[in-house]
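Let's take a friendly walk through a protein model. We will look at its nonpolar cores and then at its charged pairs.

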Amino acid sequence: EWNGLQALICHECPYAYYIHCLAHRFQLALVAASREVASVHQFFSNLVFIINIVTASSKRNDELKEAQAIEVATKIANGELETGRGLNQIGTLKRAGDTRWGSHLDSISSLLKMFNATCVVLSNIAVDGGSYSQRGDANFALNQLLSFKFVFTLHLMKDIMEITHLLCIALQRKSQDILNAMHLVSSTTKLLKNFRDSGWDDFLVKVKLFCEQHQIDIPCMNAQYIARRGRSRSHHDEISVEHYYRVDIFLATIDYQLQELHSRFNDHTVELLVLSTALDPRNGFMLFKIDDICKLAEKFYPNDFMEQELVRLRIELQHFELDIPNHPELQELSGIHELCQGLVKTRKSVIYPLIDRLIRLVLTLPVSTATTERAFSIMKIIKTKLRNKMEDNFLNDCLTVYIEKEVAEKFSSDSIIDEFSSMKERRAQFTSKKRC
């Protein structure tokens with residue numbers, strides 16, 4: 001905001017809009033919802049605590065995998081699981097990170113898959129732990145794991161994150177399809193609302209069935225809920241246990257999710273992104289609409305286009321619609337960035353200066369930084385402590401090959417050798433075996 005890329009762009013073009021990475025917006029919405037609801041915040045704290053205890057050493061990981069293998073073998077013998085290639089893989093518990101996309105769902109799913117094995121490992125540590133602190137921590141973690149509140153929140157967050165997972169994946173793609181991503185925002189919101197309004201009964205039945213299978217005590221839903229011993233000042237009305245779990249946890253968590261989704265993907269941002277897709281050249285400019293493009297310039301970039309220029313922009317767009325889609329060098333474009341490059345290459349940017357200006361303004365919208373985030377992670381893999389003297393040019397070449405794996409896989413060794421030899425004539429030198 002002050003010294004980064006956003007500040008540099010705004011210095012050169014003060015009226016350029018800045019949109020925080022949509023994938024990060026969505027991840028922050030999930031994290032914010034987990035922090036606002038006290039029960040969900042406690043759940044994630046206990047989840048991290050349980051996973052850290054179970055996966056604290058290689059020995060405990062081996063015990064976890066062994067217990068999981070025994071459980072899988074038993075279920076296969078009883079006919080409860082199907083066998084086949086790739087099925088019933090033995091894994092481990094995964095940690096959740098606030099900045100790692102989809103990590104919360106992976107962590108929750110892994111715990112549900114290895115619930116019994118986790119209980120076995122915690123029970124062993126609680127009895128045979130090397131110190132009193134290990135035994136005490138394992139006993140506390142086991143009590144939390146086998147509580148109805150933890151299991152209830154575990155299933156609730158899994159169902160919510162399964163609804164939002166498809167949108168999370170769509171926002172991480174290299175080639176961002178803005179219009180379909182915005183449609184996914186709308187469908188995700190509707191599914192969450194449907195789950196909120198009509199999903200309580202089926203959800204409660206599922207949680208109770210899970211508790212019965214794992215011998216977890218189920219509280220009486222019609223009994224009075226008591227938050228703590230005594231009566232707190234904020235506790236005015238007597239509520240039932242069902243009211244607490246349904247209103248204070250189930251509805252509150254979903255409401256915060258909807259609220260965060262609405263705030264992160266507000267109507268103003270969605271309209272800006274949807275209107276900008278009218279310049280998308282894919283599929284023969286199928287989304288090209290003159291009215292939407294004029295509305296984009298008039299509503300979102302009023303300081304970049306004067307009133308006379310807006311009139312000229314519509315005329316340019318009318319010529320543009322008949323000229324550019326039929327140009328042989330401007331067909332089969334994959335994005336707005338290629339359209340901008342093609343207009344410069346064919347000198348059409350001189351003929352359509354207002355359209356070129358609007359395209360450059362739209363290109364300043366950093367809708368997704370997923371590739372950039374991955375590049376920084378890859379940099380840590382390539383430039384390690386043993387390679388700390390690697391120069392920038394060589395590092396850039398290595399990063400390009402590593403990031404663009406789909407392109408690099410198409411290269412053959414022979415083509416690389418031929419390209420290298422064609423750059424400069426070289427004389428091969430052979431050294432005798434004795435001298436070596």
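The largest nonpolar core has 58 residues, and the ones that touch the most other members are Ile108, Leu122, Phe152 and Phe250. Helix H11, which spans residues 241-264, gives the most to this core, with 10 residues. Keep in mind as you explore that this is a predicted model.

Which residues does Leu122 touch, not counting those up to four places away in sequence? The list is Ile50, Ile53, Val54, Ala138, Ala141, Leu142 and Leu145. There is also a second, separate core, this one of 31 residues, and among its members are Ala297, Phe320, Ile324 and Tyr352. In soluble globular proteins, nonpolar side chains tend to be buried together.

Now let's turn to charge. Side chains of opposite charge can pair when their charged atoms come close. How many salt bridges does a search of the whole structure find? It finds 9 salt bridges. Here are three of them, with the N to O distance for each.

| Salt bridge | Distance (N to O) |
|---|---|
| Arg282 and Asp280 | 2.7 Å |
| Asp291 and Arg314 | 3.1 Å |
| Lys348 and Asp323 | 3.0 Å |

Start with Arg282 and Asp280, whose side chains meet in a salt bridge. Are these two partners buried or exposed? Asp280 is buried, because its relative accessible area of 10% falls under the 20% cut-off. Arg282, at 24% relative accessibility, counts as partly exposed.

Next comes the salt bridge between Asp291 and Arg314. Asp291 belongs to helix H14 (residues 290-300) and Arg314 to helix H15 (residues 307-323), so this pair ties together parts that are 23 residues apart in sequence. Asp291 counts as exposed because its relative accessibility is 52%, and exposed means over 50%. Its partner Arg314 is partly exposed, with a relative accessible area of 34%.

The third pair is Lys348 and Asp323. This pair links distant parts of the chain, with Lys348 in helix H17 (residues 348-351) and Asp323 in helix H15, 25 residues apart. Lys348 is buried, with a relative accessible area of 14%, while Asp323 counts as partly exposed at 22% relative accessibility.

Finally, which residues are linked in a network of salt bridges? They are Arg196, Asp197 and Asp255. Try finding this network of salt bridges in the 3D view, then go back to Leu122 and trace its contacts, including Ile50 and Leu145.

Key: Residues are numbered from 1 along each chain as its sequence is written. This is a predicted model: local features need pLDDT of at least 70, side-chain atom pairs count only at pLDDT 80 or more; totals for chains, interfaces and linings use all residues. Side-chain values use heavy atoms; hydrogens and water are left out. A salt bridge is a side-chain nitrogen of Lys or Arg within 4 Å of a carboxyl oxygen of Asp or Glu. Buried means under 20% relative accessible area, exposed over 50%, partly exposed in between (1.4 Å probe, protein chains only). Helices (H or I, at least four residues) and strands (E, at least two) are DSSP runs, numbered from the N terminus. A nonpolar core is a set of buried Ala, Val, Leu, Ile, Met, Phe, Trp, Tyr and Cys residues joined through side-chain atoms within 4.5 Å. Contact means heavy atoms within 4.5 Å.
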